[in-house]
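Work through the exercises below with the model in view. Try each task before you read its solution.

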Amino acid sequence: MSHKENTTGRLRLVADGVSHGFDGDSVLEDVSLTVDPGDVLAIVGPSGTGKTTLLRLLALFSRPDDGRVALAEGESVDTVSTELTPDHVADARTNGHGDVGARTNGGGGDGDARDAWSLSDDERLRLRRRIGLVAQDRSLFSASVGYNAAYGLGVRRSRAARLRSSLRRTVGRWSPPAAALSALETVGMAEMVDKHADSLSSGEAQRVGVARALAVDPDVLLLDEPTSNLDPRNTAVIEDAMREAKARGIGVALATHDMDQARRVADKTAVVLGGTCIEYGPTERVFESPRDDRARQFVAGELVY
Ligand SMILES: Nc1ncnc2c1ncn2[C@@H]1O[C@H](COP(=O)(O)OP(=O)(O)OP(=O)(O)O)[C@@H](O)[C@H]1O
């Protein structure tokens with residue numbers, strides 16, 4: 001299922017023994033997984049198990065209480081750029097059982113990853129801009145579809161370019177950049193480019209949210225329940241967008257309650273129960289022969305929360 005073309009220079013995102021909580025209550029415990037370039041990872045688990053928390057940590061929105069969120073170029077150590085020259089190294093490797101794991105080692109090895117929180121704020125911001133998160137609440141701006149799709153491109157431009165763009169919008173001479181239009185095309189929303197976001201259906205709004213993340217050509221795309229409450233057509237469009245992202249070498253991680261969706265789109269699946277990753281491996285293995293009995297029950301729909 002893996003397409004490994006187009007992954008050169010793409011970031012690999014590693015959660016390495018990550019624990020996190022709020023107000024003294026633990027939510028995630030020792031979670032290790034990897035989002036590889038050109039791969040789709042499904043994070044499945046019941047409501048409240050910590051999937052959103054995990055995605056927000058992977059998006060570098062907040063620092064884990066324990067463990068590391070680390071990044072490396074997706075290819076071998078030879079291609080690691082100076083930006084990511086390793087001091088702290090995580091090695092995301094496969095073991096001999098067809099499972100996949102994210103483990104730290106002392107240095108070197110294939111695929112060096114650097115702790116995002118050991119970097120300066122500026123360096124971390126640069127990395128964060130290579131990660132797109134489509135949150136559950138979508139939060140589109142009260143503006144046109146085109147403006148929304150172009151938003152991420154705008155914030156990455158110089159102040160002067162942003163000012164020029166804002167002036168052009170004021171005088172009605174602004175049109176979305178090609179990358180935004182192409183992303184809207186990917187999600188079948190190009191013809192609605194001038195429509196106001198406030199008037200979109202939830203499926204359309206969700207597609208625009210995905211386009212906004214795709215427009216900046218992120219290395220990693222994180223999707224939080226991207227199709228919950230959507231009809232089959234909108235669901236299929238978003239699943240196709242994930243496949244396209246994967247074909248472009250983007251690493252995709254999606255949190256989902258939908259086991260069938262995980263089976264349809266994901267190369268790897270992580271089952272998170274009670275904040276712990278109890279099963280992690282190739283999707284087929286996780287669904288066909290899970291090692292953990294609770295994981296077996298959960299993916300079979302027998303474990304009700
Ligand atoms: N900012 C926060 N402050 C306090 N508690 C929080 C915060 N964010 C999440 N939590 C708590 O952490 C736990 C996990 O929440 P999270 O949203 O990560 O779960 P989830 O698996 O994504 O759930 P769902 O599938 O319903 O979206 C919940 O008990 C939630 O109340």
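## Exercise 1: The open sheet

Four strands, in the order β2-β1-β4-β7, make an open sheet with antiparallel pairing. This is a predicted model, in which local features need pLDDT of at least 70, side-chain atom pairs count only at pLDDT 80 or more, and totals for chains, interfaces and linings use all residues. Residues are numbered from 1 along each chain as its sequence is written.

Task: find the edge strands of this sheet, then follow the pairing of β1 with β4.

Solution.
- Step 1. Fix the terms. Strands (E, at least two residues) and helices (H or I, at least four) are DSSP runs, numbered from the N terminus. Two strands pair if DSSP finds at least two bridges between them.
- Step 2. Look for strands that pair on one side only. These are β2 (25-35) and β7 (114-115), the edge strands.
- Step 3. Take β1 (residues 11-22) and β4 (residues 66-73). Seven bridges join them in the antiparallel sense.
- Step 4. Pick one position in this pairing. A15 stands opposite V69 in β4.

## Exercise 2: A parallel pair and a hairpin

Task: state how β8 and β9 run, and how β11 and β12 run.

Solution.
- Step 1. Recall the background. Strands of a sheet pair through backbone hydrogen bonds, either parallel or antiparallel.
- Step 2. Count the bridges between β8 and β9. There are four, and the strands run parallel. I131 is opposite V220 in β9.
- Step 3. See which way the residues of β8 (residues 131-134) point. I131 and L133 point one way, G132 and V134 the other, and all are buried. A residue is buried if 20 or more other C-beta atoms lie within 10 Å of its own, exposed if 12 or fewer, and partly exposed in between, with C-beta atoms placed from the backbone.
- Step 4. Move to β11 (residues 268-273) and β12 (residues 276-282). They run antiparallel, joined by six bridges. L273 has T276 in β12 as its bridge partner.
- Step 5. Check the turn. The hairpin has two residues between its strands, and G274 takes a positive phi near 55 degrees.

## Exercise 3: V220 and L230

Task: is V220 buried or partly exposed, and is L230 buried or partly exposed?

Solution.
- Step 1. Place V220. This residue lies in strand β9.
- Step 2. Count its neighbours. V220 counts as buried because 26 C-beta atoms lie inside 10 Å.
- Step 3. List its contacts (C-beta atoms, placed from the backbone, within 7 Å). Leaving aside neighbours within four places in sequence, V220 is in contact with L11, L13, V35, R130, I131, I250 and G251.
- Step 4. Place L230. This residue is in the loop between β9 (220-224) and α7 (232-247).
- Step 5. Count again. L230 has 19 other C-beta atoms within 10 Å, so it is partly exposed.
- Step 6. List the contacts of L230, again without neighbours within four places in sequence. They are S202, G203, Q206 and T235.

## Exercise 4: Helix α6 and the core

Task: compare the expected span of α6 with its end distance, then find what α6 gives to the core.

Solution.
- Step 1. Work out the span. The expected span is 1.5 Å times one less than the number of residues. For the 14 residues of α6 this gives 20 Å, and the end C-alpha atoms are 20 Å apart, which agrees.
- Step 2. Test burial. Eleven of the 14 residues are buried, so α6 is largely enclosed by the rest of the structure. Among them are V208, V210, A211 and L214.
- Step 3. Define the core. A nonpolar core is a set of buried Ala, Val, Leu, Ile, Met, Phe, Trp, Tyr and Cys residues joined through C-beta atoms within 7 Å.
- Step 4. Find the largest nonpolar core. It has 77 residues, and L41, I43, L58, A211 and V252 have the most contacts inside it. Helix α6 (residues 202-215) gives the most to this core, with six residues.
- Step 5. Follow one core member. V252 touches V40, L41, L221, L223, M242, A245 and K246, not counting residues up to four places away in sequence.

## Exercise 5: Positive phi in loops

Task: which phi values do L60 and E225 take?

Solution.
- Step 1. L60 is in the loop between α1 and β4. Its phi is positive, near 65 degrees.
- Step 2. E225 is in the loop between β9 and α7. Its phi is positive, about 45 degrees, although E225 is not a glycine.

Key: Contact = placed C-beta atoms within 7 Å.
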